[in-house]
Amino acid sequence: MTWGNAWAWAGLVTLALPVLIHLLSRGHARVQRFPTLRFLEASRLLPTRRTRLHDLLLLAVRASILAAAVIALAQPALRTANRSRAVGRTLVRAIVLDTSASMERATTSGGRAVDSARAMARRIAGEAQASMLIETRFPPRAIAGAVEWLNTQTGRGELVVVSDFQRGTLSAADLAIVPPTVGVRLQRILVREPTLPVDLIARSGHDDVIARTTLTPQSTNVEWSLRRSAVHTSNDQLSLLAGPSEGVRADASRRAAETFAVRAPLDSAHAIAIVYPQFAQRADLLRTASVPAARWATEIVARLHADSILAVSSMSAVAAISTTGGDTTRGLVVARTIAGKPTVVAMQDSSDGAQRLLLFSFVDAGSLTSAALITAVNGARSLATPLSELEPSTLSDATLAALRREPAVEAAARNSTNRTAGASDGRWLWLLALLLLALETWMRRALPPASLSRPRLDANERAA
Amino acid sequence: MSALSPTVVAAIDDLELAARIVVEGLRTGGHRSPFHGYSTEFRQHRPYRAGDDLKYLDWKLFARSDRLYTRQFRETTNLSVMIVLDTSASMAFPPEGVSKCQYGQIVAAALSYLVSEQGHAVGLMTMDAGKLSYVAARGGRQHLRALLARIDRFTPAGAWDPARVIARSAQLLQRRGVVIVISDFYDAEEETRREMRRVAQRGHDVAMLQLISPSEMELPYTDHVELEDLESGERRLVDATTIAPAYHDAIHDFIARCRGNALRDGVDYALMSTATPPETALRDYLLRRSRGLAAGHAPRAVQK
């Protein structure tokens, strides 16, 4: 049984009305002329019985009329098997599939977790009338979009998150934006706990610091070792395009940036160039370059945008040159000064048939912002698994159960175009109220007083 | 002839006609007169037998013939019947249907008709607006009509003083006669009883016809009702459902007390319900009275 308008229950206070009427109506007792009062017992006068209700049957009928009306207003809907099926047919699901690195781990039955997750997502989608699948490495960020899509749909909405639910994947705060009428289903993919050690490499110049880490839900064991790397961080696809007078300052910035360790391996397949203000072909590059469209390029831009060191240093930077030197509106602004002027703008061009990400710097090549930019680019190029993805523990079943909830039927009833699926049973109660009203009218008018139904004494028989 | 309901009889405007209808119904039984007069008219002599009352010996005949003869008398028609009718406000109950007053008027008229038809004298005593209203006991057709017209005119109002009315009616009887009191006997219970007993002790034949309506017996109300006394105007708010059992006990006790007192005091008693056809009620009463006469209980007819 569900209630379409639970506030209507407040109407039950009206039940006090018939009780009051029955208590107070005594004040308007009808006057009857009677031959003599000598046989009436004085001790049975009414004032001694002021609180006594009379006509209890009539009172019960009147109270029932009001109760039936109140329950009808509350729009009850009895959940029958047919209705459940009908409502089930209107189910709409938005499925968020976790594709983060932790989902690359093996499941308990073998195979990759992400593959199992995709198979399960397909099965869940097949059960719903309509569905949408979002694959993301950050499930919390996809929830808002999923909810937005559900709001445009008719029927019972349900948000499904398919993940291994590694600790930190999802929290109650992430689900706070989900409306209460939308159901939440959290589908766990069971993965094996990692048993082999993982080598975490931090590269600084030619030095690699290797941390051999063994992670268990209970403990983390790390063995450190140092080695000379064959690859230099600067000897790769990152090029600094600076003018003659800027070369030294740009190089100083690079060296400063190398003091920050970067987790190996780095992306060496894609070319990235930082274009400094004094670079000779800068104007040409600005003219010919376009908006970054390649997936790898946009990912790096997104990581740069999220880099806190670059963001903070940009805020306090002073733009070295005007942005009027080229059309930067076609590029993506990576960082800005506190005044809102761009300090780094990302664009893309093709060099020797390969795509290249161009980061136009609007600050001095030897500035702190410049060093922060190089550091951020090195960090963004890291292909190492984020440390958070190595977390071996997962959210407990109890936590997931607390977050889970069923989609509301009444919401489906309101949204659904199929009115029979969620129709209220209130009409039957209205009918009952009408019948009771007729009964009450009949009782008031036609029911003989109880005393008249008693057999009369025949005075003559008594006399005889 | 089937008995007409009280409603039908009460609906007949002409009280004489109504009385005649009731009396015609009574005659179907073919019983003898329930009222016995005094034997004042000489009929014959018969030889004295041992045990005869010496006062009926004809001393003059004894002087002439030197034989003892007892005088015998023929029954005459000069019985006087006084009807005392209660017209107090309590007789106006019930407001719907036949009231006790209407019923009493029919019974009084029927009795008057019956008594007059049998050649007796009949009179009326009642109280109208606090004053005694009196019609002397006489026989004859014209007197009967005047009497019925007087009975018909009464409307129940105010209170009455039953002891005074009964006492006065007995005083006005020329000699020993019959006093029939038609009332609900709610007023001055003890005084009324005392007066009826006194009248009976003085040699009159006293009859007590108590009228009651079924509504009074049953208290036909539920829940809260404000009852207004028809005579005093006093109002009392009661829960009828609650007090009904006690009320029933009280009114049944009252009726039983009235009947018991009447029996003890030598007063003829009958309870008449307004729901019973008047001729049925009267026939039952008169038959019972006749049986009582035959058994030698009630009649106070004397030999002279």
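Me: Where is Glu117(B) found?
Reply: Glu117(B) sits in helix H4 of chain B, which covers residues 100–117. Keep in mind that this is a predicted model.

Me: Is Glu117(B) buried, exposed or partly exposed?
Reply: Glu117(B) is partly exposed, because 17 other C-beta atoms lie within 10 Å. A buried residue would need 20 or more, and an exposed one would have 12 or fewer.

Me: And how far is Val23(B) from Glu117(B)?
Reply: Their C-alpha atoms are separated by 9.6 Å. Along the chain, Glu117(B) and Val23(B) are 94 residues apart.

Me: Let's zoom out. How many helices and strands are in chain B?
Reply: Chain B has 10 helices and 10 strands.

Me: What share of chain B is buried?
Reply: Buried residues make up 44% of its 304 residues.

Me: What about contacts between distant parts of the sequence in chain B?
Reply: Take the contacts between residues at least 6 apart in sequence. In chain B, 76% of these join residues at least 24 apart.

Me: Now the sheet of six strands in chain B. What is the strand order?
Reply: The order is E5-E4-E3-E6-E7-E10. This sheet is open, and its pairing is mixed.

Me: Which strands stand at the edges?
Reply: Strand E5 (131–138) and strand E10 (268–273) of chain B do. Each has a single partner strand, so one side of each has no neighbour in the sheet.

Me: How are neighbouring strands turned against each other?
Reply: By 15 degrees on average, with direction ignored.

Me: How do strands pair in general?
Reply: They pair through backbone hydrogen bonds, either parallel or antiparallel.

Me: OK, so in what sense do E3(B) and E4(B) pair?
Reply: E3(B) and E4(B) pair in the parallel sense, over six bridges. One bridge takes Ser80(B) to its partner Ala121(B) in E4(B).

Me: Is E4(B) mostly covered or mostly open?
Reply: Mostly covered. Seven of the eight residues of E4(B) are buried.

Me: How do E6(B) and E7(B) pair?
Reply: Strand E6 (residues 178–183) and strand E7 (residues 205–212) of chain B are parallel, with six bridges. In E7(B), Met208(B) is the bridge partner of Val181(B).

Me: What lies across E3, E4 and E5 of chain B?
Reply: Helix H5 of chain B, residues 141–153, lies across those strands. H5(B) runs at about 20 degrees to E4(B). Helix H9 (residues 240–265) of chain B lies across E7 and E10 of chain B. The angle of H9(B) to E10(B) is about 155 degrees.

Me: Switching to helix pairs. How do H6(B) and H7(B) cross?
Reply: Helix H6 (residues 162–172) and helix H7 (residues 189–201) of chain B cross at roughly 10 degrees. Their axes come within 8 Å. H6(B) and H7(B) are therefore roughly parallel to each other. The crossing is right-handed.

Me: Which residues make that contact between H6(B) and H7(B)?
Reply: From H6(B), they include Ile166(B) and Ala170(B). From H7(B), they include Glu195(B) and Met196(B). The contact residues divide into seven nonpolar, one polar and two charged.

Me: On to chain A. How many helices and strands there?
Reply: Chain A has 15 helices and 16 strands. Of its 464 residues, 30% count as buried.

Me: What is the order in the sheet of four strands in chain A?
Reply: The order is E5-E4-E6-E7, and the pairing is parallel. The edges are strand E5 (130–136) and strand E7 (183–188) of chain A. The twist averages 20 degrees from one strand to the next.

Me: How many bridges join E4(A) to E5(A)?
Reply: Seven bridges join strand E4 (residues 91–98) of chain A to E5(A). Asp98(A) has Thr136(A) as its bridge partner in E5(A).

Me: Which helix lies across E4, E5, E6 and E7 of chain A?
Reply: Helix H4 (residues 113–127) of chain A, at about 175 degrees to E4(A). Helix H5 (residues 139–151) of chain A lies across E4, E5 and E6 of chain A.

Me: Last one. How do H8(A) and H10(A) cross?
Reply: Their axes come within 9 Å and cross at roughly 130 degrees. H8(A) and H10(A) are therefore oblique to each other.

Notes. Residues numbered from 1 in each chain as written. Chains lettered and ligands numbered in written order. Predicted model: local features only at pLDDT ≥ 70, side-chain atom pairs only at ≥ 80, totals over all residues. Axes fitted to C-alpha atoms, helices over the stretch in contact; angles between N-to-C directions. Helix = DSSP H or I, 4+ residues; strand = E, 2+ residues; numbered from the N terminus. Parallel < 35°, antiparallel > 145°, perpendicular 65-115°, else oblique. Pairing = 2+ DSSP bridges. Contact = placed C-beta atoms within 7 Å. Left-handed = near helix turned anticlockwise from the far one by under 90°. Nonpolar A, V, L, I, M, F, W, Y, C, P; charged D, E, K, R; others polar.
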